[in-house]
Amino acid sequence: MAHPIRGRTAIVGMATAGMGEAPGYSAIELLGQATLGALNDSGLKLSDIDGIFAATSGHAFPTMSVAEYLGVKPKFFDGTNIGGSSFEMHLLQASLAIEAGLCEVALICYGSNQRTAGGRLVSMSEPQWHETPYGPRHPITAYALAAARHMHEYGTSREQLADVAVAAREWANLNPEAFAHGPLTREDVLASRMVSDPLTKGDCCLVTDGAAACILVSADRAKDFPQKPAYFLGAAGANWHRSIVAMPDLTVTAASESGPRAFEMAGLQHSDVDLLMLYDAFTINTILFLEDLGFCPKGEGGRFVEGGRIAPGGELAVNTNGGGLSCVHPGMYGMFLIAEAVAQIRGQAGERQLERADIALLHGNGGTLSSQVTAFLGSENAL
């Protein structure tokens, strides 16, 4: 049975800013631009915001920084930071707060100038004492471990990993906002510089600037706004470890727990899903999440993505914006999963628009395959 919170809130404003490169702007300025864009999209004013949900990679107290910069005095706020999946969790937290009457207009937001401020793919979290002596280059070392183990246990190949990157680029080529465009082949990925065996540069996400923000209100008000609402249908999170060395099984993520609970909360089945937005910081992520969320058996993810199955025109629409691999990845990517899902549900995705986009699954990942949060958004047809 679906949870009572299903369909009780909706996103009515959505915007991005500074996608790719935004020289001369700080992270909070980009966040502010996205917020103003989301407000303009919804027809609301800054003074209407009474709930703030934020996580950033550069602010110790993100909701305080956001409220101060925007000049907002929120009645409710939450700065839960569980890495890139924070924003999928914020969808749940904001929905619960609105349903409880603690706020009426919730802002969920993120901004980063990672590329123009330095442009390195490095972990922004504190070192783990029991890993430090070995000199890992996180986050990539952790994901390379998972990829190597998956290859060892299930015969997954570097060619199959490359297929994930190729599919992402094909979607990005249909997206004017994507940072990376142009042809990309299996051979290109395999021949790119090895960064952490078995992952090459082509297996790694982009390092970009970017910001995104959305406005969430109660479903009772949702139809009063200019844009087609994207309704919150459910979400669930799971967290089994902090450090990659504490991960129980390098081939099984906590998505195997968050996914089933989110499906139950939303009252949905796999066949109901039109779009998958998966946090693809590295190519192995997509394979692991397809397995752990139940779209293919464990160990079959590599074979599942072969032959363009998740590319444009394939059987399953995955990361239609181009993903973190080819669209945008400014340190934390979870807000951009939401942005693409909303665009598809509204029918505003241009050349990459799906014929049917009534139900979107968003899966966020944080840390080193640590926090996993699965969420669902849907059109009015999904209610």
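The exercises below, each with a worked solution, concern a predicted model.

**Exercise 1. The faces of helix H2**

Task: Find which residues of helix H2 (residues 62–70) are buried, and say why they line one face of the helix.

Solution:
- Step 1. Apply the cut-off: a residue is buried when its relative accessible area is under 20%.
- Step 2. In H2, Pro62, Thr63, Val66, Ala67 and Leu70 are buried.
- Step 3. Viewed down the axis of H2, these buried residues fall within an arc of 125 degrees, so they line one face of the helix.
- Step 4. The general background is that an α-helix has 3.6 residues a turn, so residues three or four places apart point the same way.
- Step 5. Turn to the other side of H2: Met64 and Glu68 are exposed there.
- Step 6. Look for what covers the buried residues of H2; the cover includes helix H1 (27–42), strand E2 (51–54), strand E3 (76–78) and strand E4 (106–112).
- Step 7. Move past the end of the helix: Gly71 follows H2, and its phi is positive, near 75 degrees.

**Exercise 2. The largest cavity**

Task: State the volume of the largest cavity and describe which residues line it.

Solution:
- Step 1. Count the cavities of 30 Å³ or more: there is one.
- Step 2. The volume of the largest cavity is about 50 Å³.
- Step 3. List its lining: Val164, Ala167, Ala168, Trp171, Asp280, Thr286, Ile310, Val318, Asn319 and Leu325.
- Step 4. Sort the lining by type, which gives seven nonpolar residues, two polar and one charged.
- Step 5. Sort the lining by element: helix H6 (residues 158–172) gives the largest share, four residues.
- Step 6. Take one lining residue, Asn319. Asn319 sits in the loop between helix H11 (301–304) and helix H12 (323–326), and it is buried, with a relative accessible area of 3%.

**Exercise 3. Cysteines**

Task: Determine how many disulfides the structure holds, and explain why Cys214 has no bond to Cys109.

Solution:
- Step 1. A disulfide needs two cysteine sulfur atoms within 2.5 Å.
- Step 2. The cysteine sulfur closest to that of Cys214 is in Cys109, 8.7 Å away, so the pair is too far apart for a bond.
- Step 3. The structure holds zero disulfides.
- Step 4. Check the burial of two cysteines: Cys214 is buried at 0% relative accessibility, and Cys296 is buried at 8%.

**Exercise 4. Backbone exceptions**

Task: Find where cis peptide bonds precede Pro139 and Pro198, and which residues other than glycine have a positive phi near 55 degrees.

Solution:
- Step 1. Start from the general rule: most residues other than glycine have a negative phi, and most peptide bonds are trans.
- Step 2. The bond from His138 to Pro139 is cis, with omega near 10 degrees. Pro139 lies in the loop between helix H4 (114–117) and helix H5 (140–154).
- Step 3. The bond from Asp197 to Pro198 is also cis, with omega near 10 degrees. Pro198 is placed in the loop between strand E5 (194–196) and strand E6 (199–200).
- Step 4. Asn319 is not a glycine, and its phi is positive, about 55 degrees.
- Step 5. Leu369, likewise not a glycine, has a positive phi near 55 degrees. Leu369 is in the loop between strand E10 (359–366) and strand E11 (371–378), where it is buried at 0% relative accessible area.

**Exercise 5. Surroundings of Thr253**

Task: Decide whether Thr253 is buried or exposed, and list which residues are in contact with it.

Solution:
- Step 1. Thr253 lies in the loop between strand E8 (230–239) and helix H9 (255–266).
- Step 2. Its relative accessible area is 0%, so Thr253 is buried.
- Step 3. Leave aside neighbours within four places in sequence; Thr253 is then in contact with Trp240, Met247, Leu288, Phe289, Asp292, Leu369 and Gln372.

How values were computed:
Residues numbered from 1 in each chain as written. Predicted model: local features only at pLDDT ≥ 70, side-chain atom pairs only at ≥ 80, totals over all residues. Heavy atoms only, no water. Buried < 20%, exposed > 50% of the residue type's maximum accessible area, 1.4 Å probe, protein only. Helix = DSSP H or I, 4+ residues; strand = E, 2+ residues; numbered from the N terminus. Arc of directions from axis to C-beta. Contact = heavy atoms within 4.5 Å. 1 Å grid on protein atoms, 1.4 Å probe; cavity = no way out; pocket = protein on both sides within 12 Å on 5 of 7 lines; lining within 4 Å. Points joined across faces, edges and corners; volume = space filled by probe spheres on them. Nonpolar A, V, L, I, M, F, W, Y, C, P; charged D, E, K, R; others polar.
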